[in-house]
Amino acid sequence: MKMADGKEDPAMFTSTSLPSDPRLLATVTNAYLGTRVYRDILHINGVYNGAVGDTHRADIPSPVNVRMMVPGADSLAETFTLNTRTGTFSHVLQATDYGATHQIYAHHSLVHLMAFSITIWRSAHTTQPITVQLQTPFVPKSQDLDLNQGPDFQGAHYIYGKTWVPEVDGGPCPTVHMLWTPVPQTLTLRGEEWERSWEFLMAVAESEEEAKRSYSEGLALIAAGSLHSSHVHAWAMLWRGCCIDLDGPLPLRQALYGCLYYLLSAIPPRGNPGFLFHGISPGGLSNGTQGEDYWGHVFWDQDTWMFPNILLFYPEAARAILEYRIRTLEGALRNAQEQGYKGAKFPWESAATGREVCPEEIYGAQEIHVTGDVLMAFEQYYCTTQDQKLFREDGGWKLVDAVAQYWCSRMVWSEEEQCYHIKGVMPPDEYHYRVDNSVYTNAVAQRSLNFAADIARDFLIPVPEEWVDCAKKIKVPFDAEKKYHPEYDGYSPGEPVKQADVVLLGFPLMHPMSSEVRRNDLEMYEPVTELDGPAMTWSMFAVGWLELKEVQRAQSQLNKCFSNITEPFKVSCVSCRGYFPVTNASCFSVLFGYTGFRITRSSLRFNPALPNDINKLKVTGVSYFGNKLKFTIAKEEIRIKVIESRQDPLAPPLEAVLEESGQRFPLREGQSISIPMAAGWIQRSSTEIF
């Protein structure tokens, strides 16, 4: 698809055929509901069926699964396009004298609605009727719901029903209500008509009242001719506040738009979304049926890989993710209690309750680093927003306190080594289990305790001595002779590793170490890490090499990440784990690799490094303390502009500081500064600069 300047539009993914693997089809989702195009089921955020290890997203029959055809037509050109700018998938049939377009979308701001339209038009002076067939395999039945038929409503058919099995004994079974416009077998453009459109609507909610209200609102917008345009406007506003683009290779630009599209599709709209958000699973709402892509469960991909990207652009959506973790705290408390520990142990795989729902017990029992990953997201949010209300009034402090208690209870004192150990865990590298002192697990536990103590001091809450003692004295394995971090006690150099593990100490943990140790960790683990492991693995190696300004080495790792992005709709595929459109390495690699962004207690640091084939990188909409920033990074300079400020007028303004010289540059709304291509940071100004 070409833009006005004749160049290929990196945000439009077009193909003349569909992939043979249906898992690679484009997805149309919003924060509440979603599907893959041409799939007979859809999913709702937070609606699961099955108990504990059998819990999975409930499959809901999809009335928007419609395929447009013109049987017997000669020389019919066919194209399929995912427009990531408008969140719309379209199928176009083009003959010599007529054409037809099928568009489908999940409305971004009216999250209970999905819709599709069929438009037929003439391109020549003919008077023959033009008929399009609509193939719809829809059957109002589900293996996960006890569905009943209700009376029609405003021309729509209506079904409703509960899931069969609650997640926990005595727990609720969600009810689903669905209304949809009946779909005819054919549509005909009459001889005297030049063009005509038909619109079809579906509303899904967990109450009859909400489903009917949403359907009526959708009908009113259709009558006003503005249903699709209101959706397009919502996406335009979304992209206006968040964009990563670069002057570089088209495939990389496409990968970035694809990554952001699938991520932004999953976040709640601004303002009151009108439903309780239940987090983001790696495959998003387009996946998660029984036996598929972790069955729609939420785990560390959300808190570690998705959250930082969302936070830097849309703190409100990031807060919704944290609120999900707060609402599931009771389940996490029960998880810890059942294993004999204090505090809260977040599940390796989470659904609606916070109880462990991983089908394989070993992961839930041993891969405990996820509890620290959850708290790291809370820390990043606090450092970029200073949102004390979340912690003081909305349950955040209770969660922080519970996690700190868990880590302290999980440690045992070693008289021999005079330090605390955490025993019997599975590290991020899942090739190993029941190991002692996983370096990543222990380091993330230490970070959890340090954050808990810091925030307690901010709120003038007494800090338990145990937190300080455990954080100070926990063992973080380090080989002083070889100057590298062993993955766990007893790790032998050269042992195969499934995925990024020790290299995560440098980022995202930012565990203190010298450049020499950082390099040694990268060189020690890169050659022994599974080539077909998760795509995020190689993005973490790339980020590490970019920190050390080894740009070409970083690029070779990034190429491994990008090789997981499939054509034509840029769905991220990881052979060992599934098809994860939302957990995508491209955005993370650029946002925290090329820019060098790092969230710290007092600043947002930057330290850019661009490969040779990228001349300029633009990151628009970076959020920091209520300000929206635009970074334009070129080979010789960095330009920073405050494009919007919503911060407290009494709060100090922002300034940019260069690391080497200490030179300070005031940042005022609407004004742009230019600084050398060098390391520095954004902070609140201690004094106004004139």
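Which residues lie nearest the centre of the largest pocket? In this predicted model, the answer is Gly506, Arg518, Glu547, Arg598 and Asn607, and the whole lining of that pocket runs to 20 residues. The space inside comes to about 480 Å³. Sorted by class, the lining is a real mix, with eight nonpolar, seven polar and five charged residues. Helix H13 (515-525), helix H14 (535-547) and strand S25 (604-606) each chip in with at least two residues. H14 gives the largest share of this lining, namely three residues.

Next comes the second largest pocket, with a volume of about 420 Å³. Its lining is made up of 20 residues, and Pro315, Thr385, Phe625, Gly626 and Arg646 are the closest to the centre. Here the classes split into six nonpolar, six polar and eight charged residues. Helix H5, helix H8 (369-385), strand S26 (616-624) and strand S27 (627-634) each hand over at least two residues of the lining. Where does this pocket sit with respect to the domains? Both domain 2 (244-606) and domain 3 (625-684) contribute residues to its lining, so the second largest pocket lies between them.

H5 also turns up in a helix pair. In general, two packed helices are described by the angle between their axes and by the distance between those axes. For helix H4 (residues 300-313) and helix H5 (residues 315-327), the angle is about 145 degrees and the axes are 6 Å apart. On the H4 side, the contact is made by Gln302, Asp303, Phe307, Ile310, Leu311 and Phe313. H5 answers with Pro315, Ala317, Ala318, Ile321, Leu322, Tyr324 and Arg325. Taken by class, the residues of this contact are ten nonpolar, one polar and two charged. Pro315 of H5 thus has two roles to look for on the structure: it belongs to the contact with H4, and it is among the residues closest to the centre of the second largest pocket.

Finally, there is a small piece of strand architecture to trace. Three strands form an open sheet, in the order S8-S13-S17, and they pair in the antiparallel sense. Strand S8 (67-69) and strand S17 (186-189) are at the edges with a single partner strand each, so one side of each has no neighbour in the sheet. On average, neighbouring strands of this sheet are turned by 25 degrees against each other, direction ignored. S8 and strand S13 (residues 130-135) are paired over three bridges. One residue pair to look up is methionine 69 with glutamine 133, its bridge partner in S13.

Methods: Residues numbered from 1 in each chain as written. Predicted model: local features only at pLDDT ≥ 70, side-chain atom pairs only at ≥ 80, totals over all residues. Heavy atoms only, no water. Pairing = 2+ DSSP bridges. Helix = DSSP H or I, 4+ residues; strand = E, 2+ residues; numbered from the N terminus. Axes fitted to C-alpha atoms, helices over the stretch in contact; angles between N-to-C directions. Contact = heavy atoms within 4.5 Å. Nonpolar A, V, L, I, M, F, W, Y, C, P; charged D, E, K, R; others polar. 1 Å grid on protein atoms, 1.4 Å probe; cavity = no way out; pocket = protein on both sides within 12 Å on 5 of 7 lines; lining within 4 Å. Points joined across faces, edges and corners; volume = space filled by probe spheres on them. Domains from an automatic or database assignment.
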